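Open the model in your viewer and keep the selection panel at hand. The stops below go from the whole chain to two helix pairs and a loop.

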Amino acid sequence: MEMTLRWYGSQYDTVTLEQIRQIPGVKGVITTLYYKQPGELWTREEIRALKDEVAAAGMHIAGIESVNVSDAIKTGSEGRDHDIENYIKTLENLGKEDIHLVCYNFMPVFDWTRTELARKREDGSTVLAYTQAAVDSLNPEKMFDSIAGDMNGTVMPGWEPERMARVKELFETYKDIDNEKLFENLVYFLKAIMPVCNEYDIKMAIHPDDPAWSVFGLPRIIINKENILRLMNAVDDVHNGVTFCSGSYGTNLNNNLPEMIRSLKGRIHFAHVRNLKFNSPDDFEEAAHLSSDGTFDMYEIIKALYDIGFDGPIRPDHGRMIWGEVAMPGYGLYDRALGAAYINGLWEAVEKASERGI
Ligand code: CS2
Ligand code: MN
């Protein structure tokens, strides 16, 4: 595995490449052209400029998160084939620049959903949190307004203000899309892009839906072992793979995370590792990465990744806001750096124990 950190680009991130480089073991970043709209073409020049900027700081791009998929592709409506063409050209340009991992998601309307961006914990840190009761009592059109005040002046992925201004219209476009239709559209998209992925050896890694159930009545499909395996089989190509995000699949306590990892051997190309603390099955908050601070056994998660021979990038996922840092919620430097150090430690222990036959 390769330890990495997500970086949104110098115009958007409060964290610098120079800071990231000082985290032990981190030489790779997971990044994106954050200003690109879903469906838009990424030119080779733009990709090269990003690559050069990362290289100038002594690092490399370990993967892209995300090349976002347009609503026309997700809903299978007019414009889908045009957007797929652009996606294919973008993949080709990435491949020519020697980038071989792309994370994306297939969530309708909202990317991840949290009801609080700054829940205060006992130690004074603040974290992202979710309560089903809050979602149930909220008009989805008000979702953005309800959290916007805690964004610390940043633009959060999937929550771009221009997009949120169209929420009502977006809901309308999904009104005839159920889980089956969404799955069909995803398979259509994957089949169309597999040839270019094969040509340039680009591993597509779908991010799970977060939380792993339907919110506001919208369809959600990448939520459990059964569905993700169904997708792996529907397009049975190694380039159709998975971003294993423990904090997203883990929102549903019925998901046995180590077992899911083992069932996806050979198809996990990227891992997001974070812990959650459940106060009840439908109220959770994003804890520190440490097992004892939350609900998951992080050792078992890392052990399962190690056992299946996982060799892609790992990144700590959302961190707590600590030590007075002001940053994009979930994406400050300090707690993610602690997370990286902790995951590195777990990995080293698992690896050495295995090598020594302990
Ligand atoms: C990320 C997602 O911040 C997060 O929760 O894990 O936004 C993820 O980047 C996207 O869903 C992947 O397309
Ligand atoms: Mn994630």
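Start with the whole chain: its radius of gyration is 19 Å, which agrees with the value near 21 Å for a compact globule of 358 residues (taken over C-alpha atoms; the globule rule is 2.2 Å times the number of residues to the power 0.38). This is a predicted model, in which local features need pLDDT of at least 70 and side-chain atom pairs count only at pLDDT 80 or more, while totals for chains, interfaces and linings use all residues. Residues are numbered from 1 along each chain as its sequence is written, and chains are lettered from A and ligands numbered from 1 in the order in which they are written.

Along the principal axes, the C-alpha atoms fill a box of roughly 55 × 50 × 40 Å. Colour by secondary structure to show 14 helices and 12 strands (DSSP runs numbered from the N terminus: helices are H or I, at least four residues, and strands E, at least two). Among contacts between residues at least 6 apart in sequence, 74% join residues at least 24 apart (a contact has C-beta atoms, placed from the backbone, within 7 Å).

Next, select helix H4 (residues 80–96) and H9 (179–200). Their axes, 9 Å apart, make an angle of about 20 degrees (axes are lines fitted to C-alpha atoms over the stretch in contact, and angles run from 0 to 180 degrees between N-to-C directions). H4 and H9 are therefore roughly parallel (under 35 degrees; over 145 is roughly antiparallel, 65 to 115 roughly perpendicular and the rest oblique). Show side chains for Ile84, Tyr87, Ile88, Leu91, Glu92 and Gly95 of H4, and for Phe189, Ala192, Ile193, Val196, Cys197 and Tyr200 of H9, which make the contact.

Stay by H9 and select Lys175, in the loop between H8 (167–173) and H9. Is Lys175 buried or exposed? Lys175 counts as exposed, with 10 C-beta neighbours inside 10 Å (exposed means 12 or fewer other C-beta atoms within 10 Å, buried 20 or more, and partly exposed in between; C-beta atoms are placed from the backbone). Draw a distance from its C-alpha atom to that of Gly217, 42 residues away along the chain: 9.5 Å.

Finish with H13 (residues 298–307) and H14 (residues 334–355), which pack at about 55 degrees with axes 9 Å apart. That angle makes H13 oblique to H14. Met298, Tyr299, Ile302, Lys303 and Tyr306 in H13 meet a set in H14 that includes Trp347 and Glu351.

Definitions and conventions:
Contact = placed C-beta atoms within 7 Å.
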